[in-house]
Structures are given as structure tokens and as C-alpha cells.
Amino acid sequence: MSLNELLKEYMQKTPKSASHYEKAKAFLPAGVSGSAKFSKPYPIYMKSASGCKFSDLDGNNYIDMMMGNGVCILGHANEKTREAVKNALDSPAFSFLAHERELMLAEKICTSVPSMEMVRFANSGSEAVHMSIRAALAYTKRKKIAKFEGHFNGSFDLLLTSTAKIDGTPENPIPALHWAGVPQSNLENVLILPFNDIENSVALIKKHADDIAAVILEPVTGFMLASVPCDIEFLKAIRKITSENEIILIYDEIVTGFRLAMGGAAEYFQVKPDMQAMGKALSGGYPIACFGGAKELMEKVVTPTREPSDLTEKIFQSGTFTAHPISCAASLAVLQELEKGEVIPYINSLGDYMRTNIEEIAKKANCPVQVTGCGSMFNVYFSDHAIKNKRDAMKADAKKRTEFSMRLLLNGIYLPDGKPALLSYAHTKKDLDYVLSVIEQTLNMIET
Ligand SMILES: Cc1ncc(COP(=O)(O)O)c(C=O)c1O
């Protein structure tokens with residue numbers, strides 16, 4: 001069956017999503033409230049979700065392999081989170097005055113994440129990452145930020161470079177400006193580094209060391225380079241060179257925080273950053289993210305004193321909705337569950353189960369795939385070479401990956417094109433055995 005035939009079947013199964021899309025696109029560009037939610041020919045619109053499953057407007061049921069981009073680590077409509085949110089409805093529905101839950105949450109986070117001695121909250125991952133960058137610029141009084149090619153560090157201007165596109169050579173990538181509306185002037189202060197390439201990354205950092213305020217990286221990449229982990233020796237080398245040059249090392253753990261381990265990738269890989277930004281899994285599905293680091297750094301550039309020097313020494317970090325009581329209540333409920341110590345080892349073991357089995361299935365089907373990821377994150381690339389960075393990923397067969405996703409979707413499994421799987425506590429071996437059986441059929445059908 002060709003991709004066109006698969007699309008026809010998709011359209012037959014989803015007429016209500018199709019008509020919703022026709023209405024929605026009159027008011028919402030592409031019928032969605034965020035470009036990443038759009039897919040061709042139109043997205044499926046969800047109706048309800050529970051456990052590891054959701055239903056669309058047409059009543060089709062799906063096993064969700066992405067769990068709201070990883071936010072529902074306990075599962076959709078988790079009872080503990082719902083209860084906490086219901087209880088929080090009695091508290092004031094605003095957060096401009098400081099309140100008790102924000103301290104309770106801050107204390108829990110700082111106890112769980114060793115590098116975060118102090119933390120501040122934000123409304124989204126993008127905002128949390130942006131604020132950590134701002135703090136690093138203020139602290140070091142330097143002007144450049146180094147980021148890795150293919151890494152997505154949120155939607156703010158400075159980091160929206162070399163995410164979906166690349167430029168320069170593998171050894172010496174240069175910033176690729178590709179989204180409209182991002183100022184060209186961005187490029188002057190961004191240094192692009194090759195991921196998982198010790199020699200060239202270290203050489204570039206050394207060359208620009210006096211100007212670099214921070215090196216930011218996703219220890220396991222999420223959405224522009226689905227599920228590619230850093231090599232441990234690479235991470236150690238980046239830690240070493242940044243320490244030697246007094247550069248702030250920031251882990252963008254919006255996806256990996258409270259997922260790979262309570263202390264995020266920093267704990268999982270046992271390599272400590274200076275700052276971390278965390279979001280998704282922390283949130284239980286409600287809008288909240290956080291960033292933080294050593295007390296000395298946070299006090300120097302984040303903590304206000306209400307003295308005139310604030311205007312020259314401190315960053316501006318605030319927001320009407322930051323640490324909203326409802327989001328804090330949801331996060332506290334999530335962390336209380338994670339602290340019991342069962343969830344993360346369980347979902348990590350499911351990740352191992354999936355990677356091992358998909359590799360075996362692919363071998364039997366004689367289908368050259370690379371199964372990437374670690375912990376509860378994985379992805380399938382149609383490639384006969386290892387995937388270590390964006391350039392490797394761009395050489396994989398994108399058409400086959402599209403067909404793979406569409407065949408899964410038509411069999412009730414949601415793992416969109418080019419996106420990572422992010423498992424949850426609500427997934428069972430039975431759910432995943434069904435997913436594996438469909439993957440087996442699919443890999444046997446995809447022509448190699
Ligand atoms: C690694 C990473 N950083 C930052 C962000 C931005 O987070 P948000 O979408 O909450 O703004 C994302 C979102 O997917 C992400 O994957």
C-alpha cells in the first residue's frame with residue numbers, strides 16, 4: 001500500500017477530524033494553536049484521554065506513545081494529579097502574591113535535583129530555558145551562547161537557530177537561520193557546536209572561550225532530533241572544557257528532567273551541570289517549568305534586593321502566572337508519586353524492553369533501522385548508519401519514517417512522524433506488546 005493509499009484510509013477513519021479542521025482553520029492558522037500540532041493532511045483532534053490512551057472526535061482509540069510531549073508521565077487523567085488540582089481550586093486563582101505551594105514545590109525540586117540549590121518557576125519550557133540563558137549572560141558578563149546543531153531549546157529568538165536546518169561543515173557548523181521572523185543579528189552571538197563530537201566541540205569552545213557565557217545542550221534530544229542521547233565521554237569532555245573556561249554549562253532538561261531520573265540527565269549520566277531547566281514531566285500536564293542552579297549564581301543575578309544596583313546586576317524574571325497555585329498543586333502531586341521510587345525505574349525498564357525488541361524485530365525483518373534513546377525515550381530511524389547527531393538523522397530515510405507513523409496510527413498507535421516515544425507509568429507490557437506486534441507487521445511491509 002502506498003503512502004497515498006494510507007492517507008486515504010486515514011481520511012476514511014477520521015471524517016469528524018476533517019470537518020473540525022475545516023472549521024478550525026478559519027480562526028486558527030492551520031486549524032491548530034501551535035505549529036507543531038499540525039500534520040498533513042489535517043491533524044486528528046482529541047476528545048478524551050485516560051491512562052495511556054486517548055480517543056479522537058471520530059471515536060478512534062489510540063495508545064499514546066508521546067503522552068502530551070512527555071508531560072503525562074503518570075498517565076492521562078491521573079487520579080492523584082486530578083485530586084490535587086480539584087483541591088487547589090479552593091485557593092486563589094492567581095499567583096502574583098507569593099504563596100505556600102510555590103515554596104513546597106521549590107523545596108521538593110531542590111531536594112531532588114542536586115545542581116539546583118535555588119529554583120525559579122516559569123510558565124513554559126521556552127521561558128525557563130530563556131531565563132537560564134539570561135542568568136548566564138548576566139553572571140559571566142560575556143556575550144555568546146553556544147548551542148548544539150539540531151537541538152531545540154525552546155521558541156525564543158536566541159536559540160531558534162540550527163534546529164531544523166544545518167549550515168557549514170560537520171566539523172565546523174555555522175548558525176543556520178531558518179524560521180522567519182528571527183532577527184539576523186541573532187547569529188552574531190550564537191556559536192553552533194557539533195553534537196557528540198568531542199574533538200571539534202572542544203576546539204570550538206576553546207577558540208571562543210573568552211566570549212562564551214554558556215554552553216546549552218539537551219543531554220538526550222527531544223523534538224528536532226528525536227531521542228539521541230549524548231555519549232557519556234562527550235558530556236564529560238564538555239563539562240571539563242566549560243569548567244576550565246568558567247563557562248556556565250546548562251542542561252536543557254525540559255524533556256529529560258524528572259523523566260530519566262529525579263535529578264534528570266545530570267543524575268542519570270552522573271555529570272553535573274551549572275544550571276538546569278526542567279518542564280514537561282514535572283508539570284502533570286499543567287503549565288509550569290523551572291530553572292535553577294547554584295545558590296551563589298542565583299543570588300548574584302536573580303535574587304532582587306530592591307536597590308538601584310538591581311537594574312544593572314540582576315536579570316528581570318517575573319510573570320503574572322509564574323508558579324500558579326493550580327500548576328504547583330499538580331506538580332507537587334507528580335513529585336510525590338515520583339519520590340516513591342517506582343515510576344522512573346518502571347518506565348526506564350519499558351524503554352529497554354521496547355529498544356531491545358524493536359531491534360530484534362528489525363533484524364528478523366531484515367529492515368535496517370536504528371533504535372535510539374535511553375530510559376523511557378526512544379525513536380526508530382530508517383538508516384543503516386548510527387544516529388549520533390542531526391546530520392546523521394538527516395541522512396535517514398524520512399519517507400519510510402512517515403509511512404511507519406501512518407501505519408501505526410491506522411492501527412491505533414500514536415507516534416507521529418519524526419517524534420520521540422515518551423513512555424509513562426500508565427503503559428503496560430500488554431499495551432507495548434500490541435505496539436510491538438504492529439511494529440513487526442509494519443517493518444515487514446515497509447520495502448527496504
Ligand atoms: C528540549 C526542549 N527545550 C525547550 C522546549 C520548550 O518548551 P515549551 O514548549 O514548554 O515552551 C521544548 C519543547 O518541546 C523542548 O523539547
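I began with Arg120 in this predicted model, and I found that its bridge partner in β10 is Phe291. I then followed the pairing along the strands, and I noted that β4, which covers residues 118-122, is joined to β10 by five bridges and runs antiparallel to β10.

Next I looked for another pairing of β10, and I found strand β9, residues 275-278, which is joined to β10 by four bridges, again in an antiparallel arrangement. For a single position in β10 I wrote down Cys290, which has Met278 standing opposite.

I then asked myself how many residues of β10, residues 289-293, are buried. I counted five of five, so to speak a mostly covered strand. Looking at the two faces in turn, I listed Ala289, Phe291 and Gly293 as buried on one side, and Cys290 and Gly292 as buried on the other.

From the strands I moved to helix α13, residues 343-364, where I noted 22 residues and a reach of 32 Å from the first C-alpha to the last, close to the 32 Å expected at 1.5 Å a residue. Its buried residues are Val343, Ile344, Ile347, Leu350, Gly351, Met354, Arg355, Ile358, Ile361 and Ala362. Looking down the axis of α13, I saw that these buried residues fall within an arc of 140°, so they line one face of the helix. On the face turned away from that buried side I found the exposed residues Pro345, Thr356, Lys363 and Lys364.

I wanted to know which elements the buried residues of α13 pack against. I listed α12 (325-339), β11 (369-372), β12 (377-382) and α16 (429-445). Past the helix I also looked up Asn366, which follows α13 and has a positive phi, near 60°.

The contact with α16 led me to that helix, which has 17 residues and reaches 24 Å from its first C-alpha to its last, close to the 24 Å expected at 1.5 Å a residue. I listed Leu432, Val435, Ile439, Thr442 and Leu443 as the buried residues of α16. They cover an arc of only 95° around the axis, which puts them on the same side of α16. On the other side of α16 I found Lys430, Asp433 and Ser437 exposed.

Last, I looked up what the buried residues of α16 pack against, and I wrote down β3 (61-64), α13, α15 (398-410) and β13 (413-414).

Conventions: Residues are numbered from 1 along each chain as its sequence is written. This is a predicted model: local features need pLDDT of at least 70, side-chain atom pairs count only at pLDDT 80 or more; totals for chains, interfaces and linings use all residues. The expected span of a helix is 1.5 Å times one less than its number of residues. A residue is buried if 20 or more other C-beta atoms lie within 10 Å of its own, exposed if 12 or fewer, and partly exposed in between; C-beta atoms are placed from the backbone. The arc is that of the directions from the helix axis to the C-beta atoms. Two residues are in contact if their C-beta atoms, placed from the backbone, lie within 7 Å. Two strands pair if DSSP finds at least two bridges between them.
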